[in-house]
Amino acid sequence: MKQLLYVVAFSTLLFACGNKEESQITSDLINNPITAADSATVDQDNLPFFEFEEEVKDFGKITQGESVKTVFKFRNVGKTNLIISSAQGSCGCTVPQWPKEPIKPGEKGEIEVVFNSEGKSGLQNKTITLVANTIPNTKVIALKGEILAPSSNSVSYTHLRAHETGRNL
């Protein structure tokens with residue numbers, strides 16, 4: 001019985017490793033033309049380029065637990081399509097949405113960002129890093145503002161109302 005098990009295991013390994021088809025990964029979607037080897041040959045005037053209306057948005061003062069949504073508007077002032085491959089917030093509380101389609105030269109685009117202030121207090125500075133087919137290949141935009149935490153000795157209207165009606169929160 002053990003010999004049969006060894007034969008089956010060996011056969012499985014032999015045939016599983018025999019697949020000679022190779023999948024190819026291409027970088028056609030994001031092709032940043034500059035590398036260490038050819039940096040002198042790239043015509044940077046013909047590349048896409050971000051032009052933001054505002055690179056830093058101040059959401060002012062908000063109460064802890066509120067979410068703030070804002071939109072960063074930009075235009076591709078370059079001469080080729082602008083492709084944003086990713087957008088990453090500096091923490092999980094900052095979530096960006098970006099256009100997945102190429103932005104043609106002269107066209108506008110938007111990055112929508114939602115900031116959740118749950119568990120935060122005081123002055124906040126959050127960044128969003130965009131990766132695109134530009135030089136440099138990253139662009140950083142930011143949110144800032146102040147989170148006002150409720151004082152621990154104050155009683156909220158919700159708690160008072162729940163007490164009056166006899167309901168649990």
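**Exercise 1.** In this predicted model, determine in which strand threonine 70 lies, and decide whether threonine 70 is buried or exposed.

*Solution.*
Step 1. Locate the residue: threonine 70 belongs to strand 3, which covers residues 67-76.
Step 2. Recall the cut-off: a residue counts as buried under 20% relative accessible area.
Step 3. Apply the cut-off: the relative accessible area of threonine 70 is 15%, so the residue is buried.
Step 4. List the contacts: leaving aside residues up to four places away in sequence, threonine 70 touches Lys57, Ile111, Glu112, Val113 and Leu143.

**Exercise 2.** Describe the secondary structure of the chain and the order of its elements.

*Solution.*
Step 1. Count the elements: the chain has two helices and eight strands.
Step 2. Read along the sequence: the pattern is α-β-β-β-β-β-β-β-β-α.
Step 3. Consider the contacts between residues at least 6 apart in sequence: 65% of these join residues at least 24 apart.

**Exercise 3.** Identify which residues have the most contacts inside the largest nonpolar core, and which strands supply at least two residues of this core.

*Solution.*
Step 1. Begin with burial in the whole chain: 25% of the 169 residues are buried.
Step 2. Examine the core: it holds 21 residues, and those with the most contacts inside it are Phe50, Phe52, Phe72, Phe74, Ile111, Ile128 and Leu130.
Step 3. Assign the strands: at least two core residues come from each of strands 1, 2, 3, 4, 6, 7 and 8.
Step 4. Follow one core residue: Phe52 touches residues including Phe72, Phe74, Ile111 and Leu130.
Step 5. Recall the general tendency: in soluble globular proteins, nonpolar side chains tend to be buried together.

Terms used. Residues numbered from 1 in each chain as written. Predicted model: local features only at pLDDT ≥ 70, side-chain atom pairs only at ≥ 80, totals over all residues. Heavy atoms only, no water. Helix = DSSP H or I, 4+ residues; strand = E, 2+ residues; numbered from the N terminus. Buried < 20%, exposed > 50% of the residue type's maximum accessible area, 1.4 Å probe, protein only. Contact = heavy atoms within 4.5 Å. Core = buried A, V, L, I, M, F, W, Y, C linked by side-chain atoms within 4.5 Å.
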